[in-house]
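Reader: I have a new model open on my screen and would like a friendly walk through its strands and helices. Could you take my questions one at a time?

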Amino acid sequence: MRRTSRIIRIRRSPEPHGPTPPTRRAVRAAAALAAGVLAVSLTACGGDDGGGGGDDDKGKATGDTGTTVTLPKLDGQSLEVAAVWTGAEQKNFKAVLAEFEKRTGAKVTFVPAQDPIINFLGSKIAGGAPPDVAMLPQPGAIKQAVEKNWAKPLGPEAAKALAENYSQGWQDIGSVDGKQYGVYYKAANKSLIWYNAQVFENAGAAEPKTWDELLNTAQMVYDSGVTPFSVGGADGWTLTDWFENVYLSQAGPEKYDQLAKHEIKWTDPSVKEALTTLAGIWGTKDYVATGALGTDFPTSVTQTFTGGDQPKAGMVYEGDFAQVNIVEAKAKVGTDAKVFPFPAVGDTAPVVSGGDAAVILEDSKAAQALVTFLASPDAAEIHAKLGGFVSPNKNVDPSAYPNDVQKKIAEALVASGDDFRFDMSDQAPQAFGGTPGKGEWKALQDFLKNPKDIAGTQAKLEADAAAAYGN
């Protein structure tokens, strides 16, 4: 599972002179809204879990969903949809596809993809068997698909559904050169730290609001006999997310945008400062669970919420989608597993977002209909009821979310409108920001292994970024 996500701000200007830079006030307003909503409500709820994805849930999801979109009859037609999703995330998405099949008569096959998905799609296209629709986790990947003439523009019905259900900011990040190619079906708030409630209680720890308070909390957890942090270092994208939250809060949104476009170098002092801050956790002895570089993201979550009073770690950083893995660990969201917003490193707590966009590769009536469906509240509400999912669709009924934690995360995302910052690595060329064993993923994995090598890490990041961006 990649990401996907956030609450970040991208505003694209229709003027030929380029994007209008977001103001610090707008970003702070969005961050204050989201962080405030989350801080007040996320840990005050319990009862329901994050969704199970079982047969009963599937039946309920499709049966309770209303109809807000008209779909054509597609009896006898077949579609393939490719995504990198695995486990419960894949299973829950298949429930959405099953509803599309039920309404249209089409047959939809899910095709498991691998990261980087652009390479996976390239091999499929070269072999003459591209999927009809692909779920792309990066704006950079959408741009690449357009440049390679793989992606097809949205038709009138899909474009209409997108305009009705999404803020302009979410429309813009799915467009290339003024044409709409992507529907951001799935979003994520990637500025959250989940914690084992029993560990915090045993340690006498409270939820931190600042980085210094986070370090103090980590020491209290450590003193209680539990390793403070679980890190899924085998998946390099989790490390880029750590960096982005620290950097956005510490360096500010203007620098964040500049670094995302490689308008400033990775050797900039602001990057040094962020890496130094990260090293305060990654480089502190016994603060990170052993074997982090061999731990994938799902395991980093489940090992935080298993083991009774002695889990492998007390906290794990990642987005709202971690709820899927928390449920797999048989923990209850809001009771066993609680969450707080990523603490402020600078003046303002960061709000970083990501997402997955549906992009058509093989244009047809059926493919356009599927993307139209994915742009509707109907599809999102099916997935929302199954848990571990947030939609940027502004017309999704908040009651579709299975617990108050998920509901408040989704409401904060939608309330931010266009005021959000998208995952930096997802904006980068995939060779730098989205390829296992290369670029930013590899450089930060090496940094996790040796957090003392800040200058070397900066130099490697800059060399790889310059090659990927071409500047």
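**Strands and helices, step by step**

Author: Gladly, and let's begin with one pair: L136 stands opposite A357 in strand 11. Please keep in mind that this is a predicted model.

Reader: In which sense do strand 3 and strand 11 pair, parallel or antiparallel?

Author: In general, strands of a sheet pair through backbone hydrogen bonds, and both senses are possible. Strand 3 covers residues 133–136, and four bridges link it to strand 11. The sense of that pairing is antiparallel.

Reader: What is the bridge partner of Y184 in strand 11?

Author: Strand 6 spans residues 182–189 and runs antiparallel to strand 11, with seven bridges joining the two. Along this pairing, A187 stands opposite G355. For Y184, the bridge partner in strand 11 is A357.

Reader: Which residue of strand 12 does V352 stand opposite?

Author: Strand 12 is made of residues 421–422. Its pairing with strand 11 is parallel and has two bridges. The residue opposite V352 is R421.

Reader: How many residues of strand 11 are buried?

Author: Strand 11 runs over residues 352–360. V352, G354, D356, A358 and I360 point one way, while S353, G355, A357 and V359 point the other way, and all are buried. The strand is therefore largely enclosed by the rest of the structure, and the count of buried residues is nine of the nine.

Reader: And how many residues of strand 6 are buried?

Author: Buried here means under 20% relative accessible area. Strand 6 is largely enclosed by the rest of the structure, because its buried residues number eight of the eight.

Reader: Which strands stand at the edges of the open sheet of four strands?

Author: The order in this sheet is 8-9-7-10, and the pairing is mixed. Each edge strand has a single partner strand, so one side of each is left without a neighbour in the sheet. The edges are strand 8 (229–230) and strand 10 (337–341).

Reader: What angle does helix 9 make with strand 9?

Author: Strand 9, residues 315–317, pairs with strand 8 in the parallel sense over two bridges, and V316 is the bridge partner of S230. Helix 9 (residues 211–223) packs on the sheet and touches strand 7 (192–196), strand 8, strand 9 and strand 10. Its direction and that of strand 9 make an angle of about 145 degrees.

Reader: Why do the buried residues of helix 17 lie on the same side?

Author: The buried residues of helix 17 are V405, Q406, I409, A410, A412 and L413. An α-helix has 3.6 residues a turn, so residues three or four places apart point the same way. The buried residues are on the same side of helix 17 because the arc they cover around the axis is only 160 degrees.

Reader: At the start of helix 17, which residue has a side-chain oxygen that reaches the backbone nitrogen of V405?

Author: Helix 17 has 12 residues (404–415) and reaches 16 Å from its first C-alpha to its last. At its start, the side-chain oxygen comes to within 3.1 Å of the backbone nitrogen of V405. That oxygen belongs to N403.

Reader: Is G387 buried or exposed?

Author: G387 lies in the loop between helix 16 (377–386) and helix 17. Its C-alpha is 9.7 Å from that of D320, although the two are 67 residues apart in sequence. With a relative accessibility of 2%, G387 counts as buried.

Technical notes
Residues numbered from 1 in each chain as written. Predicted model: local features only at pLDDT ≥ 70, side-chain atom pairs only at ≥ 80, totals over all residues. Heavy atoms only, no water. Pairing = 2+ DSSP bridges. Contact = heavy atoms within 4.5 Å. Axes fitted to C-alpha atoms, helices over the stretch in contact; angles between N-to-C directions. Buried < 20%, exposed > 50% of the residue type's maximum accessible area, 1.4 Å probe, protein only. Expected span 1.5 Å × (residues − 1). Arc of directions from axis to C-beta. Polar contact = N/O pair within 3.5 Å; in protein donor to acceptor, adjacent residues only side chain to side chain.
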